[in-house]
Amino acid sequence: MTKAKFTVSGMSCAACALRVEKAVRQLEGVRTANVNLLTNSMQVEFAADKTGVAEIISQVDKVGYAAEEVGGRARDGRCDSSFAGGSRSKSRGQKTSNGGPEMLSETAELIAKGMAGTAAELRMTKKRLIGSAVFGLPLFYIAMGHMMHWPLPNFLLEPENCLVFGLIQLALSLAVCLINRSIFLHGLKNLYYLAPNMDSLIAVGAGAAMLYGWVELAIMGYQLGHCELNAAVKLVSNLYFESAGTILLLIMLGNFLEIRAKGKSSEVIGKLVSLVPPRATVLVDGVPTEKPVGKLGLGDIILVKAGEVIAADGLVVEGSGTVDESMLTGESLPVCRKTGDTVNGATLNLSGYLHVKVTRLGEDSMLAQIIRAVDEATLSKAPIAKIADKVSGIFVPVVIGLAVLTGIGWLLAGAAAATALNFAICVLVISCPCALGLATPTAITVGAGVGAGKGVLFKSAAEIERLAKVDFAVLDKTGTITYGRPEVTDVLPNKGVTEAELLQLAAALEVKSEHPLAGAIMAAAAKAKIDHTVFSLESFVQVPGGGIKAKIQGTECLGGNRRLLEKAGIDLGEWQAVTESLAAAGKTPLIFSSGGVIAGVIAVADVVKPESAAAVKCLRHLGLATLMITGDNKYTAAVIGKAVEVDEVVAEVLPQEKAARIAELQKCGKIVIMVGDGINDAPALVQADVGVAIGGGTDIAIEAADVVLMHGKLTDLVVAVKLGRAVLRNIKENLFWAFAYNVLGIPLAAGIFYPWTGIRLTPMLAALAMSCSSIFVVTNALRLRLWRGKLKK
């Protein structure tokens with residue numbers, strides 16, 4: 001299957017988006033088509049051998065809208081999801097980027113186009129709003145002034161000039177209609193295609209008011225021609241031109257405020273796109289040379305001074321510096337980067353200098369992948385949105401039908417034609433399909449952006465909703481709760497031996513070993529700045545399952561487990577109890593001897609991350625049961641499980657058994673979230689209701705997951721769950737408002753309560769209420785930008 005993204009223009013409400021989706025899905029070979037009304041974009045997954053981009057664009061055009069492909073090409077399969085800094089580089093020779101923000105990906109292009117489109121739309125809407133106000137406000141003042149006793153020119157108040165009074169209103173209202181002619185063109189066009197939308201409601205409502213005013217004006221002229229001045233004067237107050245003009249003015253005001261608010265919803269991603277500097281300093285034959293970022297190639301060496309933004313992902317080959325990664329990963333504290341470390345583009349070097357070898361560009365860069373992940377989430381649909389989609393699909397035709405019935409009903413009840421028309425127009429104008437269409441995508445877009453800013457990437461909207469409902473957390477041990485790499489935890493020298501001397505002996509023995517435990521000892525020695533090269537190593541032998549034998553300065557030395565030393569005839573004595581105690585604590589004791597005498601014991605263990613226990617505690621506060629699952633031995637697993645206080649521990653399981661365990665929990669009605677980082681976690685991540693990958697884990701795990709925690713911290717899982725719940729709560733609030741507004745507003749507009757309460761709306765108030773409804777939904781979603789998601793102590 002092939003994926004392609006498009007910008008879609010001409011949509012004004014949820015009904016438009018649904019019509020485009022349905023039209024595209026009718027094409028042979030189209031698997032999915034998702035339209036985002038908020039960003040005016042569409043993502044289509046299709047079989048390239050059955051349909052193509054040209055057919056999709058043509059299909060959109062047939063239903064009255066315009067589509068343009070983003071990036072000029074389609075991509076196969078899912079996006080690459082190697083979010084962890086620098087774990088994979090897709091080298092393709094001397095690949096170069098396309099320049100500027102385009103270096104990121106076609107997703108960045110989509111966002112850039114969307115932002116530019118929103119800015120252009122905002123400018124155009126502002127012009128229309130100003131033009132509507134220039135003619136609409138005088139129209140309202142003139143039409144309503146005599147009833148409100150506002151000062152008006154005397155000639156307008158003279159009965160003999162009633163026709164002039166009406167013609168002035170007609171001229172002003174026609175000017176407003178002309179300025180907003182796009183509403184009539186789009187609305188009537190969609191009505192012609194039997195796919196009415198919000199523009200259709202406004203066009204019919206305002207058009208009906210204008211038509212009624214023209215008829216009344218013609219009758220007034222006829223009456224004046226027959227010297228029936230009193231009859232003509234009575235018609236002046238019922239021309240309805242001001243209703244049409246004011247409706248359009250208020251709709252344009254609502255559109256302006258809504259577009260401005262919608263623009264803020266993707267502000268986080270917009271900031272990410274703008275982080276990439278336009279130029280970088282590249283070392284060419286050792287000489288610093290400025291080059292556009294778009295001309296960078298893999299292998300280029302970038303010079304990054306203090307205060308400069310790193311232009312591309314790469315490897316530090318010289319120098320050191322303190323790097324602020326907060327805008328990219330949400331990590332609040334700057335981190336030290338030195339030779340051998342990876343750095344990411346769009347991060348700020350606060351101090352020092354760095355020589356960075358470019359390893360990833362364009363769509364492979366971490367920034368591009370973050371943007372793509374957020375975009376994928378916003379283009380997808382949460383299951384809860386299906387309710388609004390079903391209602392939106394029939395909403396506008398039903399409203400038009402209700403407006404017709406309202407007018408006929410009031411006429412049959414004996415009301416005047418003007419009164420019946422007033423109620424019918426109110427029904428058309430007050431109805432708001434936009435609020436339904438914006439309820440979900442605005443919250444998802446803002447929520448996905450907030451998550452990206454905090455180092456949590458959601459791959460789809462459905463995962464955000466499911467994440468909010470999880471009640472059981474399954475946690476892998478290695479790399480998730482622990483660091484996933486052995487570290488020295490205890491250095492216990494024998495009498496007469498110092499810690500430094502013990503480490504020096506151990507490092508000298510382990511220097512030729514490739515065992516992971518040897519790596520931990522070498523790292524500890526390096527950290528302590530111990531020089532082991534002063535010893536010459538001879539007769540090095542690696543004993544499988546035991547340890548190491550070697551001669552140092554002619555002395556027989558050993559390093560390994562208890563069996564190795566016992567086989568060599570060395571009595572452990574009191575050290576046996578020490579090793580047993582360390583093993584009971586989940587550590588691996590390594591015993592070192594020199595000349596048949598024990599020099600000491602060094603314990604190595606996969607250390608628990610400092611935040612893991614706090615994360616488990618927070619998950620419990622959120623109502624989630626916790627289970628740690630691992631392929632490690634049950635003794636080590638029990639120690640780790642007790643340290644972080646998980647509810648249950650399952651050890652010594654195979655990868656497929658992890659998935660089977662999750663399936664058992666699901667059969668019991670649990671909604672399970674699985675967190676892992678290794679290849680062996682992939683089956684379980686797929687089986688879980690929500691699979692979460694730890695950043696820094698394997699590509700396979702990240703690809704299989706639904707959510708990625710970029711920092712590699714388990715506390716970010718708490719952030720993800722809390723954010724998911726906040727987003728779902730916000731969506732429910734928006735949908736409740738959208739449904740409640742229409743359910744209560746339409747009967748009120750139809751005048752159902754008027755006979756008992758005397759309360760009735762004018763078309764102007766109805767238009768104002770409709771505009772406020774959409775603005776409320778977008779503004780409520782924007783509240784998520786203030787979400788902090790602090791962890792409980």
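**Reading Strands, Helices and Surface**

Student: How many bridges join strand 19 (residues 588-594) to strand 20, and do these strands run parallel or antiparallel?

Tutor: The model is a predicted one. Strand 19 and strand 20 run antiparallel and are joined by 7 bridges. A residue pair fixes the register: Leu590 stands opposite Ile602 in strand 20. The two strands form a hairpin with 2 residues between them, and Gly595 in the turn has a positive phi of about 65°.

Student: Which other strand pairs with strand 20, and over how many bridges?

Tutor: Strand 15 pairs with strand 20 in the antiparallel sense, over 8 bridges. Here the register can be read from Glu487, which stands opposite Ala605 in strand 20.

Student: How many of the residues of strand 20 are buried?

Tutor: A residue counts as buried when its relative accessible area is under 20%. By that cut-off, 9 of the 12 residues of strand 20 are buried, and the strand is mostly covered.

Student: How should a helix such as helix 23 (residues 634-644) be read: which of its residues are buried?

Tutor: One lists the covered residues and then looks down the axis. In helix 23 the buried residues are Thr636, Ala637, Ile640, Gly641 and Val644. Seen down the axis, these residues fall within an arc of 130°, so they line one face of the helix. Tyr635 and Lys642, on the other side of helix 23, are exposed.

Student: Against which elements do the buried residues of helix 23 pack?

Tutor: They pack against several elements, among them strand 15 (482-493) and strand 20 (597-608), the pair already discussed. Helix 17 (477-481), helix 22 (612-621), strand 21 (625-629) and strand 22 (648-650) also belong to that list.

Student: What follows helix 23, and what is its phi?

Tutor: Glu645 follows helix 23 and is found in the loop between helix 23 and strand 22. Its phi is near 65°, a positive value in a residue other than glycine. Cys227 is a further case, with a positive phi near 60°. Cys227 is placed in the loop between helix 7 and helix 8 (229-235), and it is exposed, with a relative accessible area of 71%.

Student: Which residues make the nonpolar surface patch?

Tutor: Leu174, Leu211, Trp214, Val215 and Ile219 make a nonpolar surface patch of about 430 Å². Helix 7 (residues 198-225) supplies the largest share of the patch, 4 residues.

Student: Where is Trp214 placed, and why can it belong to such a patch?

Tutor: Trp214 is in helix 7. Patch residues need over 30% relative accessible area. Trp214 has 39% and is partly exposed, so it passes that cut-off.

Student: Is Asn730 buried or exposed, and which residues does it touch?

Tutor: Asn730, found in helix 27 (residues 715-750), is buried, with a relative accessible area of 2%. Leaving aside residues up to four places away in sequence, Asn730 touches Ala443, Asn780, Ala781, Arg783 and Leu784.

Student: What do the totals say about the chain, starting with its helices and strands?

Tutor: The chain has 29 helices and 25 strands. Of its 793 residues, 53% are buried. Among contacts between residues at least 6 apart in sequence, 72% join residues at least 24 apart. The accessible surface comes to about 33,500 Å², and 60% of it belongs to carbon and sulfur atoms.

Terms used. Residues are numbered from 1 along each chain as its sequence is written. This is a predicted model: local features need pLDDT of at least 70, side-chain atom pairs count only at pLDDT 80 or more; totals for chains, interfaces and linings use all residues. Side-chain values use heavy atoms; hydrogens and water are left out. Patches are made of residues with over 30% relative accessible area and no salt bridge: like charges are joined within 9 Å, nonpolar side chains (Val, Leu, Ile, Met, Phe, Trp, Tyr) within 5 Å. Accessible areas come from the Shrake-Rupley method with a 1.4 Å probe; for residues, only the protein chains shown count as cover. A salt bridge is a side-chain nitrogen of Lys or Arg within 4 Å of a carboxyl oxygen of Asp or Glu. Buried means under 20% relative accessible area, exposed over 50%, partly exposed in between (1.4 Å probe, protein chains only). The arc is that of the directions from the helix axis to the C-beta atoms. Contact means heavy atoms within 4.5 Å. Two strands pair if DSSP finds at least two bridges between them.
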